[in-house]
Amino acid sequence: MDQATVKQSRYGMAIDLDRCTGCGACLMACAVENNVSPGRPTVNERTGTTWMRVIEVQDGRAFPAAETAFIPMMCQQCEEETPCVSVCPQNAVEVDPETGIVGQIPQRCLGCRYCMTACPYHARYYNWWDPQWPEGMEKALNPDVAPRMRGVVEKCNFCHGRLHDARAKAAAKGSREINPTDYIPACVESCPVQAITFGDLNDEAADVARQAKSERAFRFLSRLGTEPKVYYLSGRSWVQRLADRELARSKKETVHG
Amino acid sequence: MPLTLTRRDILKFVGGSIAGIMVTPIPWKLLDDVSIWTQNGPWIPKVPRGALTTSFSTCALCPAGCGVQARCVNGIPYFLSGTRNHPVNNGTLCPSGVAAHHLAYHPLRLKTPVQVTRGNGTIEVRPVSLDDVLRKISVASGNSTGAKGSLALLDQRPGRTVSLFYRKQLARHDHGIYLVSPTDPILITQCLDEMAETPFGPVGYHLENVRTILSFAAPVLDGWGTPAQTSPMLRTRHSSEQNAVKVIQIDSRHSRSAQLADQWIPLKPKTEAALAFGIAHVIIRDGLYDKRVIGRRIPDFNIPGKHSYSDLIGRFTPDHTSELTGVSSDVIVSTAHSLVARGPSVAIGDGDSGGGPLGKEAEIAIWGLNILLGALESNGSIVQRREAPVPEGFSSKELSPVMGISAIPDHSIGLLLIDGSDPGDPLPWSLLERKLIPRQSLVVACSPTLTGLAQHAQYVVPTPAHLEALTDIPTIVSSATATFSISAPLLKRPEGMTDAIEIMAKVFETEGSMEDLLKQRTSAIFATRRGCVFKAGTGTTVPITELGSPDEFWTELTAGGMWTDDPIRSKPFFQFHFMGRAPDAYQRMLDAGEAVSPLDGPLTPEMLTVLPYGRRAEVGGAQLSPLMTKLYQESGLHRSSKVAVLNPATAKKFDLVHGEQGILATACGTQKVGIRVDAAVMPGVIEIAAGPEPIGQAGNEIVQEQNILELIDPDQALPWRAFRATLRKA
């Protein structure tokens, strides 16, 4: 594509933690959209593949004063010194210069899992098994997303299939700029309380760019200098203080504020 | 010099070659390729190819009836989202709804009718023919006379048009019983009817008029109302908006609604009636109610020389209520004042799916609070609404009455039919089992899977799965006006599936087809020319008068549309008996208020109080997509029925450790559970979900569900919100 004539985007998200109810609709929509296979009966938080997880956290106070928040956690789309990119020996992770999206290329991945170790957000998942669905359910797979094979790492890519769709729509209209309403990731579409806003952080008119500059906005582990493009919003000080903490993967390792 | 090759030279050459080749890319490339060959093969599913289309329908997984937009490939849905502008869900879906198109492929789906034989800890499942099942039913039905027991039909999704059909047929049967779960809104409304001089009828809520909601353990923010009602409340949580709705959740459990509410008031289990009386006491004591309205409306408010409501309430001072409920007297007083100062306010009871009903007296106490708060006045937030019109021949006089489990004598049912096509609220099997005639009764279930109550039946007939069946969605309890929508099939049903209505029609020796029945209903609604119709395709709402014919109305409804009735403009004048009209009302209400919580009851040191809970549409195992392992096992965001949650202090006292396995035991059985520690849980209790147990992709064998509701002692009176059990290390 002609770089000179295409606007460079920095796709990002703003997630309002004061709105999130922990319903899990985003998590399910993500798995459905991206053809993530169901876990085996013995699957757990360490062996499962869930591109997006919603982590329940409490403020550390005891009954009956305990307060709860829910934190959707997925690939934070780091912009600088992207840890997974720098450690991958196969060049299977790359940052798309046109969109800022960190992509994972399963065909190149050899399954060494260095990227999983390097990711400070625990947002990468390894396919321990061949992807399998109950008999007949493969007819209900998303035709735009290929299932990944056993032995590779995968993660959130801001619903890349939908980006391709939006580009195809734009191309059909003779345009090279996609319509922002044509590219909405599944988690954003499914959130019942509109807690997730998605868009181009370079576009100052976009809601996501405005929210990213809000006083309530913060990013997780920003001290690492990786410049993640997923922003979180909360007016609760104890939730904001979690930003410097490394969040565990599940409720089983509850993080207290 | 002749070249002589010794065996040693050859070995050296081969050895050197092998060693040398290891530093070339050849073996590693080969290894990589072999690895790739084993990773990719015909066993990796191919994504479907074909025409992409969009279809609309209505979700039937729970009573809300959300509009569904399905993106399809080759006509098969692959992604579900909420229908834009739909009055119920306005473009959103819950996690169960998002993955609902997977239910047709559930590994536990039954393919043929089966006979289930239970042994000592074993379960044998044998395929049988539908004719065999019908013959068994015919014999048992013939025996179901007064001498040999009644014929009961348990409807797990009451209020549908087919429910009217069942009630009509049962009314013709000499000993027919129409049975529903105790948490059904019909039974809850009966409590209000017991208070009113004339039947109040169906109840609805104008939540958009409310500034404060006082929820007595109802899942107000987690499935009680429609997404369109609760989303605005959830969006304004933690905001400083003056007009934002404030939700006060009264709940012994740290439920999702308790987590999301503006204020959580934990109380001792089973003391909801006492707290309702305590709040009413403060409102009356401090003169915070409209005396003219109460004087006109409430005959039993103050009766000289007789026990009256004011006598009853007078006993529940804040201090006494605090002793009973564990809620501080300051909180009781401030809550009462807040409800009045921050009106309009409404109190909601209703119970919940897994936790069960609050109990009749507690519901009456809550309705009394609503009358004091003015919620039932003409400008109040609780409204009387009409039912959606019904076809001729289905008037209430021609229908069998709706009965709860407690109204049925023990050992009286000879034939129990279960319509579990759309599993709704659960019912502990132990409560149902004691109503059956021992060793002589027959239980037949119509269900897509052998889960929930169906696993206790002797015969199970497979019914179409979600999105394969044609069914209607009755009005949800929270709606201020009657609504009607149709869940039209988006998937072709497999061979061998039978609609429950076809089985029941054969049992009652009559004709019955779901499509005919629903067409009659839509024609009856259309004939009134009342209300408006939401069109899913355009996302617009038009008056029904704009539609030319019942066929056009049917077409809109089966394409994801929805009918909404006109509101009733004026509310007739009602008089209410605050304590109900039963002769022993005062004593019953007093006993309910003074009831000792299981937490305070006589206990052996090792006993804990179990608080079951469950989210609507997720309580039955068959209701969940196999992909739900993401939500339960892989993220731990929702807790399955295999996880018992305790306060850290309770766990320490009982020597239980987070992450270990434990055995939960009552007199009725045991269940293995994982132990989780959560500082937000009330000390002395165990919170455990009544379902589901998600089933992974390999779980395609018939399994016997273990559910906390299976451990309930039938000798313990309803409701089952709290019961005693032991928990020890496995």
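Colleague: How far apart do the C-alpha centres of domain 3 and domain 4 of chain B lie?
Modeller: This is a predicted model, and the values are computed from it. In the domain assignment of chain B, domain 3 covers 185–386 + 574–590 and domain 4 covers 598–729. The C-alpha centres of these two domains of chain B are separated by 29 Å.

Colleague: On the side of domain 3 of chain B that touches domain 4 of chain B, how many residues are nonpolar, polar and charged?
Modeller: The contact draws 19 residues from domain 3 of chain B and 24 residues from domain 4 of chain B. The domain 3 side divides into 5 nonpolar, 9 polar and 5 charged.

Colleague: Is B:Tyr613 buried or exposed?
Modeller: B:Tyr613 belongs to strand 23 (residues 607–613) of chain B. Beyond four places in sequence, its contacts include B:Arg253, B:Asp352, B:Glu687 and B:Ala690. A residue is buried if 20 or more other C-beta atoms lie within 10 Å of its own. B:Tyr613 has 26 C-beta neighbours inside 10 Å, so this tyrosine counts as buried.

Colleague: What separates the C-alpha atoms of B:Tyr613 and B:Gly539?
Modeller: The two residues are 74 residues apart along the chain. In space, the C-alpha atoms of B:Tyr613 and B:Gly539 are separated by 36 Å.

Colleague: Which residues in helix 14 of chain B meet helix 10 of chain B?
Modeller: Helix 10 (residues 272–285) and helix 14 of chain B pack at an angle of about 65 degrees, with their axes 9 Å apart. The crossing is right-handed. From helix 10 of chain B come B:Gly278, B:Ile279, B:Val282 and B:Ile283. They meet, in helix 14 of chain B, B:Ile332, B:Val333, B:Thr335, B:Ala336 and B:Val340.

Colleague: How many residues of that contact between helix 10 and helix 14 of chain B are nonpolar, polar and charged?
Modeller: The count takes in the residues of the contact of helix 10 with helix 14 of chain B. They divide into 7 nonpolar, 2 polar and no charged.

Colleague: Why does B:Ile332 count as buried?
Modeller: B:Ile332 lies in helix 14 (residues 329–341) of chain B. Leaving aside neighbours within four places in sequence, B:Ile332 is in contact with residues including B:Gly278, B:Ile279, B:Val282, B:Pro318 and B:Val327. B:Ile332 counts as buried because its C-beta neighbours inside 10 Å number 24.

Colleague: Which peptide bond leads into the loop between helix 14 and strand 12 of chain B, at B:Pro344?
Modeller: B:Pro344 has its place in the loop between helix 14 and strand 12 (345–348) of chain B. Omega is near -10 degrees for the bond in question, and the bond is cis. It runs from B:Gly343 to B:Pro344.

Colleague: Where is the cis bond in chain A that ends at A:Pro64?
Modeller: A:Pro64 is found in the loop between strand 2 (53–58) and strand 3 (68–73) of chain A. With omega near 0 degrees, the cis peptide bond runs from A:Phe63 to A:Pro64.

Colleague: Do the buried residues of helix 17 of chain B line what part of the helix?
Modeller: The buried residues of helix 17 (residues 500–507) of chain B are B:Ala500, B:Ile501, B:Ile503, B:Met504 and B:Val507. Seen down the axis of helix 17 of chain B, they fall within an arc of 160 degrees, so they line one face of the helix.

Colleague: Which elements are among those that cover the buried residues of helix 19 of chain B?
Modeller: In helix 19 (residues 550–558) of chain B, the buried residues include B:Phe553, B:Trp554 and B:Leu557. Their cover includes strand 19 (483–487), helix 18 (514–528), strand 20 (532–535) and strand 22 (562–564) of chain B.

Colleague: What phi does A:His122 have?
Modeller: A:His122 is found in the loop between helix 3 (114–118) and strand 6 (125–126) of chain A. A:His122 is partly exposed, because 17 other C-beta atoms lie within 10 Å. Although A:His122 is not a glycine, its phi is positive, at about 50 degrees.

Colleague: How does the side of chain B that touches chain A divide into nonpolar, polar and charged residues?
Modeller: In this contact, 59 residues of chain B meet 60 residues of chain A. Elements that each supply at least two residues of the chain B side include helix 2 (26–39), strand 3 (76–82) and helix 21 (629–634) of chain B. The chain B side divides into 33 nonpolar, 21 polar and 5 charged.

Notes:
Residues numbered from 1 in each chain as written. Chains lettered and ligands numbered in written order. Predicted model: local features only at pLDDT ≥ 70, side-chain atom pairs only at ≥ 80, totals over all residues. Domains from an automatic or database assignment. Contact = placed C-beta atoms within 7 Å. Nonpolar A, V, L, I, M, F, W, Y, C, P; charged D, E, K, R; others polar. Helix = DSSP H or I, 4+ residues; strand = E, 2+ residues; numbered from the N terminus. Buried ≥ 20, exposed ≤ 12 C-beta atoms within 10 Å, placed from the backbone. Axes fitted to C-alpha atoms, helices over the stretch in contact; angles between N-to-C directions. Left-handed = near helix turned anticlockwise from the far one by under 90°. Arc of directions from axis to C-beta.
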